[in-house]
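Colleague: I should like to learn how to read a model of this kind, feature by feature. May we go through it together?

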Amino acid sequence: TMFKTGEINTGSFRGGGAMKVIDFGRGGKVKTLIETSDGLVRDPEVHFDGGRIVFSMRKNIDDDYHIYEISTDGTGLKQLTSAIGVADFDPLYLPDDSIVFSSTREPKYCMCNRHIMANLYRMNPDGSNIVQLGKSTLFEGHAALMNDGRVIYDRWEYIDRNFGDAQGLWTMNPDGTKHAIYYGNNTGSPGGIIDPRPIPGSSYLLCIFGSCHDR
């Protein structure tokens, strides 16, 4: 977790991270795009044209995660979201250049702990016109674009299921309509099905089968 300031895990935050590019066509040459000694960089997503990367960053323990954009050559860093006391993360480019992301703007709370959860939102390429897309009881994140244009994401909730069978894959239209289960609803094992990634040119989906916790 460690999504935002004031959460149960905030005291465990340890800064120090970077986003780098490795060029396998040049013998594995590595270039650092952005680096922070006190914060963390996460969730990079490359634009369709290959020229931009959208990602989330927390500058230090007093900051929250916000959405940023940078060119793939490391220039033109722009901050797209900046709400105080709000964590924005897991951004995803859509074909119309709008961006889907997860946010704690309408706080949701884990019923078995004190973690602050998030729902899905969409915004314009410049960070304006933020609209809420999901309103589930707990968490929506790790969105990815399917080959048919739908958005797939992993969803955590306790409605009509027990403690350990709570995380499955859902889909929605990019405008937030037609949320529907894709796979893993009330699945006893694995209890956590997360991080979906459609494989281009096929009907296959790559994801992680795990556990709801560490068991």
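Colleague: Is Arg197 buried, partly exposed or exposed?

Modeller: Please bear in mind that this is a predicted model. A residue is called buried under 20% relative accessible area and exposed over 50%, with partly exposed in between. Arg197 has a relative accessibility of 40%, so it is partly exposed.

Colleague: With which residue does the side chain of Arg197 meet in a salt bridge?

Modeller: The partner is Glu45, and the N to O distance is 2.9 Å. Glu45 belongs to strand β3 (residues 40-46) and Arg197 to strand β15 (residues 192-198), so the salt bridge ties together parts that are 152 residues apart in sequence. Glu45 has a relative accessible area of 12% and therefore counts as buried.

Colleague: How many salt bridges does the model contain?

Modeller: The count is 12 salt bridges. One of them joins Glu106 and Lys135, with 2.5 Å from N to O. This pair also links distant parts of the chain, since Glu106 is in strand β8 and Lys135 is in the loop between β10 and β11 (139-145), 29 residues apart. Glu106 is partly exposed at 25% relative accessibility, whereas Lys135 is exposed, with a relative accessible area of 59%.

Colleague: Which residues are joined into one network by salt bridges that share partners?

Modeller: That network consists of Asp49, Arg52, Glu69, Lys78 and Asp97. Another salt bridge to inspect is that of Asp23 with Arg26, where the closest N and O atoms are 3.6 Å apart. Asp23 is partly exposed, at a relative accessible area of 29%, and Arg26 is exposed, at 59%.

Colleague: Let us turn to nonpolar side chains. Which residues form a nonpolar patch on the surface?

Modeller: The patch is formed by Ile22, Phe24 and Val30, which together have about 330 Å² of accessible area. Phe24 is placed in the loop between β1 (17-23) and β2 (29-36). With a relative accessible area of 68%, Phe24 counts as exposed.

Colleague: How should I read a sheet?

Modeller: The general idea is that strands of a sheet pair through backbone hydrogen bonds, in either a parallel or an antiparallel sense. Here, one open sheet has 4 strands in the order β7-β8-β9-β10, and their pairing is antiparallel. The edges are β7 (88-93) and β10 (131-132); each has a single partner strand, so one side of each has no neighbour in the sheet.

Colleague: How many bridges pair strand β9 with β10?

Modeller: Strand β9 (residues 116-123) pairs with β10 over 2 bridges, in the antiparallel sense. Tyr121 stands opposite Gln132 of β10.

Colleague: What surrounds Ser103 in strand β8?

Modeller: Ser103 lies in β8, which spans residues 99-109. Its relative accessibility is 0%, so Ser103 is buried. Leaving out residues up to four places away in sequence, Ser103 touches Val86, Ala87, Asp88, Met117, Ala118, Asn119 and Tyr121. With Asp88, Ser103 has a polar contact of 2.6 Å between the side chains.

Colleague: Is Thr104 buried or exposed?

Modeller: Thr104, also found in strand β8, is buried, with a relative accessible area of 1%. A polar atom of the Thr104 side chain lies 2.9 Å from the backbone nitrogen of Ala87. Beyond its neighbours within four places in sequence, Thr104 has contacts that include Lys4, Gly85 and Ile116.

Colleague: How many residues of strand β12 are buried?

Modeller: In strand β12 (residues 151-156), 6 of the 6 residues are buried, so the strand is largely enclosed by the rest of the structure. Val151, Tyr153 and Arg155 point one way from β12, while Ile152, Asp154 and Trp156 point the other way.

Colleague: Which strands does β12 pair with?

Modeller: β12 is joined to β11 by 5 bridges, and the two run antiparallel. Within this pairing, Phe139 has Trp156 in β12 as its bridge partner. β11 and β12 form a hairpin with 5 residues between them, and Gly149 in the turn has a positive phi of about 95°. β12 is also joined to strand β13 (residues 167-172), by 6 bridges and again in an antiparallel manner. There, Ile152 stands opposite Thr171 in β13.

Notes: Residues numbered from 1 in each chain as written. Predicted model: local features only at pLDDT ≥ 70, side-chain atom pairs only at ≥ 80, totals over all residues. Heavy atoms only, no water. Patch = residues over 30% accessible without salt bridge, like charges linked within 9 Å, V, L, I, M, F, W, Y side chains within 5 Å. Areas by Shrake-Rupley, 256 points an atom, 1.4 Å probe, with all protein chains shown as cover. Salt bridge = Lys/Arg side-chain N within 4 Å of Asp/Glu carboxyl O. Buried < 20%, exposed > 50% of the residue type's maximum accessible area, 1.4 Å probe, protein only. Polar contact = N/O pair within 3.5 Å; in protein donor to acceptor, adjacent residues only side chain to side chain. Contact = heavy atoms within 4.5 Å. Pairing = 2+ DSSP bridges.
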